[in-house]
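Biologist: Please take a close look at one part of this model and explain how the residues there are placed. I would like a connected account that a first-year student can follow.

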Amino acid sequence: MSEAYVHGYDPRENERLQNQAGTLADLLHSDTFYPPGSVVLEAGCGVGAQTVTLARRSSNARFTSIDLSADSIAEAKRKVGSAGLTNVQFRQADIFALPFAAESFDHVFVCFVLEHLSRPVEALVILRGLLRPGGTMTVIEGDHGSTYFHPDSSAAHHAIQCLVKLQQLAGGNALIGRQLYPLMVEAGLEAVHVSPLMVYVDSSRPDLVDGFTRKTFTAMIEGVRKSAMEAGITDPEAFDAGIRDLRRTAEPDGVFCYTFFKGVGEKSRRA
Ligand SMILES: C[S@@+](CC[C@H](N)C(=O)[O-])C[C@H]1O[C@@H](n2cnc3c(N)ncnc32)[C@H](O)[C@@H]1O
């Protein structure tokens with residue numbers, strides 16, 4: 001990855017990715033199923049947060065999960081091993097230099113990776129080349145512009161904007177979810193269908209208050225505090241006020257909304 005990865009690889013971020021995946025498993029993966037015998041590439045598996053869900057839900061498919069980070073791969077291996085899953089092999093690799101033959105996978109799965117790349121279409125074109133004709137590609141991305149909440153707070157929007165800006169400075173795009181359809185079409189995928197998947201949280205859903213509002217979204221914004229100061233795009237007072245107001249949305253009268261986008265496209269069956 002030529003760009004800096006905005007979330008970093010420290011243990012707290014790993015835990016956040018696990019919380020995110022655990023909380024969102026049903027929302028993101030309810031219709032993700034790969035038939036027995038199929039061969040699936042998971043590109044940018046990170047610490048294996050999605051891998052466990054994928055491999056468990058399609059226990060007779062065979063997964064190859066790759067990531068740029070050797071440390072993340074080691075953690076993912078541990079996670080998959082302790083879940084008792086034996087249908088995943090891991091490999092450290094860069095999406096832009098993958099060691100696989102053309103058309104060697106039936107399906108490709110990519111989650112929360114394109115948002116960190118300065119050349120997302122190029123990545124999709126490379127991944128499409130690894131699909132057999134008629135194979136499918138599934139891409140899931142968030143879009144921080146889809147965040148709204150009660151009580152509303154300009155300080156909270158400012159803190160979110162710090163992450164959006166940092167990701168932009170690192171070459172990525174934290175608002176990429178809304179672009180999934182045109183990106184996948186531009187990459188040459190056919191029959192592209194994008195589903196918006198909305199997370200709605202109020203205090204009648206305590207699991208989501210804790211797992212999503214606090215431990216996924218607010219933790220993610222909080223995680224860039226130091227980088228945002230270093231980049232000179234905020235000051236401690238303004239940023240911390242934003243975090244306080246994000247936490248406020250997890251109180252009994254608070255509400256939090258966010259939308260993920262899941263796109264599925266097909267590689268042409270024609271030569
Ligand atoms: C936000 S994490 C998402 C991990 C996982 N897919 C999930 O949903 O929990 C993004 C991951 O993409 C990986 N990544 C970024 N650029 C990459 C590249 N060029 N090749 C392979 N992996 C890459 C990072 O190392 C990181 O682990």
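Modeller: D106 is a buried residue, because its relative accessible area is 17% and the cut-off for buried is under 20%. Keep in mind that the model is a predicted one. D106 is found in strand 4, which covers residues 105–111.

Start with what surrounds D106. Neighbours within four places in sequence are left aside here, and the residues in contact with D106 are then G37, S38, V39, L131, R132, G135 and T136. Two of these residues also take part in polar pairs with D106. The side chains of D106 and R132 are joined by a polar contact of 2.6 Å. In the other pair, a polar atom of the D106 side chain lies 2.7 Å from the backbone nitrogen of V39.

The loop between strand 3 (88–92) and strand 4 holds E103. E103 is not a glycine, yet its phi is positive, at about 55 degrees. With a relative accessibility of 43%, E103 counts as partly exposed, whereas D106 is buried.

A191 can be set beside E103. A191 also is not a glycine and has a positive phi, of about 50 degrees. Its place is in strand 7, which runs over residues 190–202. A191 counts as exposed because its relative accessibility is 63%, and the cut-off for exposed is over 50%.

Next comes strand 6 (148–150). Y148 lies in this strand and counts as partly exposed, at 48% relative accessibility. Together with M198 and Y200, Y148 makes a nonpolar surface patch of about 300 Å². At H150, a cis peptide bond leads to P151, with omega at about -5 degrees. P151 is placed in the loop between strand 6 and helix 5.

Helix 5 follows that loop. At its start, a side-chain oxygen of S153 reaches to within 3.2 Å of the backbone nitrogen of A155. The helix has 16 residues, 154–169, so at 1.5 Å a residue its expected span is 22 Å, and the end C-alpha atoms are 22 Å apart, which agrees. Just after helix 5, G171 has a positive phi of about 95 degrees.

Which residues of helix 5 are buried? They are A156, A159, I160, C162, L163, V164, L166 and Q167. One general point helps in reading such a list: an α-helix has 3.6 residues a turn, so residues three or four places apart point the same way. A156 and A159, for example, are both among the buried residues. The buried residues of helix 5 pack against strand 6, helix 7 (206–222), helix 8 (225–230) and helix 9 (236–248).

One of those partners, helix 7, contains L208. L208 is buried, because its relative accessible area is 19% and the cut-off is under 20%. Not counting residues up to four places away in sequence, L208 touches T23, V199, Y200, V201 and T213. Y200 is also part of the nonpolar patch with Y148 and M198. L208 and A250 are 42 residues apart in sequence, and their C-alpha atoms are 9.4 Å apart in space.

Technical notes. Residues are numbered from 1 along each chain as its sequence is written. This is a predicted model: local features need pLDDT of at least 70, side-chain atom pairs count only at pLDDT 80 or more; totals for chains, interfaces and linings use all residues. Side-chain values use heavy atoms; hydrogens and water are left out. Helices (H or I, at least four residues) and strands (E, at least two) are DSSP runs, numbered from the N terminus. The expected span of a helix is 1.5 Å times one less than its number of residues. Buried means under 20% relative accessible area, exposed over 50%, partly exposed in between (1.4 Å probe, protein chains only). Contact means heavy atoms within 4.5 Å. A polar contact is a pair of N or O atoms within 3.5 Å; within protein, one must be able to donate a hydrogen and the other to accept it, and residues adjacent in sequence count only if both atoms are side-chain atoms. Patches are made of residues with over 30% relative accessible area and no salt bridge: like charges are joined within 9 Å, nonpolar side chains (Val, Leu, Ile, Met, Phe, Trp, Tyr) within 5 Å. Accessible areas come from the Shrake-Rupley method with a 1.4 Å probe; for residues, only the protein chains shown count as cover. A salt bridge is a side-chain nitrogen of Lys or Arg within 4 Å of a carboxyl oxygen of Asp or Glu.
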